[in-house]
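Student: I'm new to this structure and would love a close look at just one part of it. Could you walk me through the disulfide and what surrounds it in the chain?

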Amino acid sequence: MRAGMHVALAALILSTGAANPPDMAARFGAREGLTDVSLSPDGTKIAFVSPTVGQGAALYTLGLEDGAKAVRALLSSGKPDRMGRCRWVSSDRLACSIYGQVMADGEILPFTREVAVDAGGQGNMKVLSTRDSLYSRGMQLYGGSIVDWLPDENGAVLMSRVYLPTDRTGTHMGSLQEGLAVDRLNTRTLAVSRVEPPERGAIEYISDGRGTVRIKARRAWTGASEMDNGIINYAYRLPGSREWKKLADYNYVTNAGFNPQAVDHDRNVAYGFKNKDGRQALYSIALDGSLKEELIFARPDVDVDELIQIGRRNRVVGASYVTDVRQSVYFDPDLKALSASLGKALPNQPLVRVVDSSVDESKLLLVASSDVDPGTYYILDRKTKQMRPLMDVREEMENLTLGKVRPISYPAADGTMVPGYLTLPPGRENAKGLPAIVLPHGGPGARDEWGFDWLSQYYAVRGFAVLQPNFRGSTGYGDAWFQQNGFRSWQIAVGDVMDAGRWLVKQGIADPAKLGIVGWSYGGYAALQSAVTDPGLFKAVVAIAPVTDLFLLKEQSRNWSNFGIVRDFIGTGPHIQSGSPAQNAGKIKAPVLLFHGTLDRTVALRQSQIMASRLKDAGGQVDLVTWDGLDHYLDDSAARTELLRRSDGFLRTAMGVKP
């Protein structure tokens, strides 16, 4: 346990069963002991979410003085309500996002709600979403979101909320309109004043951090059917004006146009991302009527993909990007100097991020981590220049020696150098002929980064070499690297994945008879499709919540407004058949182990069921493990522990590796 960690908090974590689990599978499969850690506006307390049983979670608050005891403020069961982000709205009250999924008429439906509670555990819980419930006059799935935390007002927020058409039983703030509105909401009493009227088609509002809405986003619907075409129209207001003016259009499918993220009140500009020379860059646009555009930061090799904001007003202070390791660039001179100092103070935890701050930014909540360290939270007093550790992200990782993660690149069949990350078993960094795993990431619109990863580290600790390829089709490297995406360009993406395995063998790292592949979501698709394309390469396949049939993946969105986008993303043509593992199951020779949750809306359970059925019909060796009530992410410690234990045993049996 880190020095300075509160005894009361240590006892709390131990009581959840997260510490001292019986085996490695339980240690690595345990959910993070702490998430959504935040600092109160006055800088005297923190709040954090800790897992309970299943998908349940509890919100706790803890004073920073010595001897303080953690107090539970909110509990969610995970059946189906699950706790998401929690943040302080005043120094004695918090607002939390509640989300989940329910089954209705054979369809898995997601929902969100916002609630507020007292920090001291006295109750006074208020539902901040509108009174239109999940089944009130249609399916009201979206519960709204907080637009501005209003740090100068004691417990009030600006919140976007959906209003359905009025009926004879109520007037809904006196409006006959329907759509997304913005209300100033007292989280203690639910007293409301209207800031923006309900508007059909509106999907987002952005404030200036001082209580004024400056940007509005609307979907550019296609035709009377109101089908999503991927285009968002942004409008803005001049200071002191109520008139909306055109700001920009953004296509989130092609990433064409300006995508605003935040408003700087003092500079009177909007910060956002835009394509530059085939890669994403950070720009600002003046909100004074001139729409003057300025390039803030760009990289010639990778996308700039993250805006760094700090404080209760979400002040923009920098941006970050990933080459081999994520890098942060601070525009604020003081924070730039502080970042350099923290790099020297925490040499073994180079990934340092500002999580939260007090209102005056004199106290900062930081988290620092590395490839072999899941992370530690620190509190920094900028006035006294004192920093002390608070708690570890994963208590169960203490005293474990993990495998160093090394950025590498390897040649694809066409000579293209593909970046990736290699993790070797601790203490066996120079060993040859190891059992090895290729671990392609999900997405396909995603990428792996250098840092702690519970899945790859588990396999490394169990003696496997693990290679995580950022194959073509990954994001972060620009348009040319993304290709047509990992489905329409599956031959290139999956080819890069297979070449990762061949490189492991050629380098002598992997024993060719002990080479396996493990993937989650798109990674599971890539694992199965690799076994279709080159049946002799991988000796065992583990696919978690995998896509197996591209036609079925399109049909899963049939009754939703984004069907056209999904259809076009996956595409049409011969690749629908050739690129679907379930339609080519007879070509797979390696044994296959499938995992899936029954409430998976991202990739339907039917995908694994069909794969298992087709493999059995073809005489293949396959096993399907399912969990009732779990979604795509299997956010349950018991399920993840079972996944690790069973996949480890399966891989060892298939490869002939001793336990």
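Tutor: The link of C86 and C96 is right-handed, with 115° about the S-S bond. Please keep in mind that this is a predicted model. The sulfur atoms of C86 and C96 are 2.1 Å apart, and this is the one disulfide that the structure holds. A disulfide is a covalent bond between the sulfur atoms of two cysteines. Now look at where the two ends sit: C86 belongs to strand β5 (residues 82-90) and C96 to strand β6 (residues 93-104), so the pair ties together parts that are ten residues apart in sequence.

Are these cysteines buried or exposed? C86 counts as buried because its relative accessibility is 3%, under the 20% cut-off. C96 is buried too, at 0% relative accessibility.

Stay with strand β5 a moment longer, as R82 also lies there. R82 forms a salt bridge with D635, and their closest N and O atoms are 3.0 Å apart. D635 is found in the loop between β36 (622-627) and α12 (637-655), so this pair ties together parts that are 553 residues apart in sequence. Like the cysteines, R82 counts as buried, here at 7% relative accessibility. The salt bridge of R82 and D635 is one of 35 in the structure. Salt bridges that share partners also bring R31 and D631 into one network with R82 and D635.

So, to retrace the path on your screen: begin at C86 in strand β5, cross to C96 in strand β6, then return to strand β5 and find R82, whose partner D635 lies in a loop.

How values were computed:
Residues are numbered from 1 along each chain as its sequence is written. This is a predicted model: local features need pLDDT of at least 70, side-chain atom pairs count only at pLDDT 80 or more; totals for chains, interfaces and linings use all residues. Side-chain values use heavy atoms; hydrogens and water are left out. A disulfide is a pair of cysteine sulfur atoms within 2.5 Å. Helices (H or I, at least four residues) and strands (E, at least two) are DSSP runs, numbered from the N terminus. Buried means under 20% relative accessible area, exposed over 50%, partly exposed in between (1.4 Å probe, protein chains only). A salt bridge is a side-chain nitrogen of Lys or Arg within 4 Å of a carboxyl oxygen of Asp or Glu.
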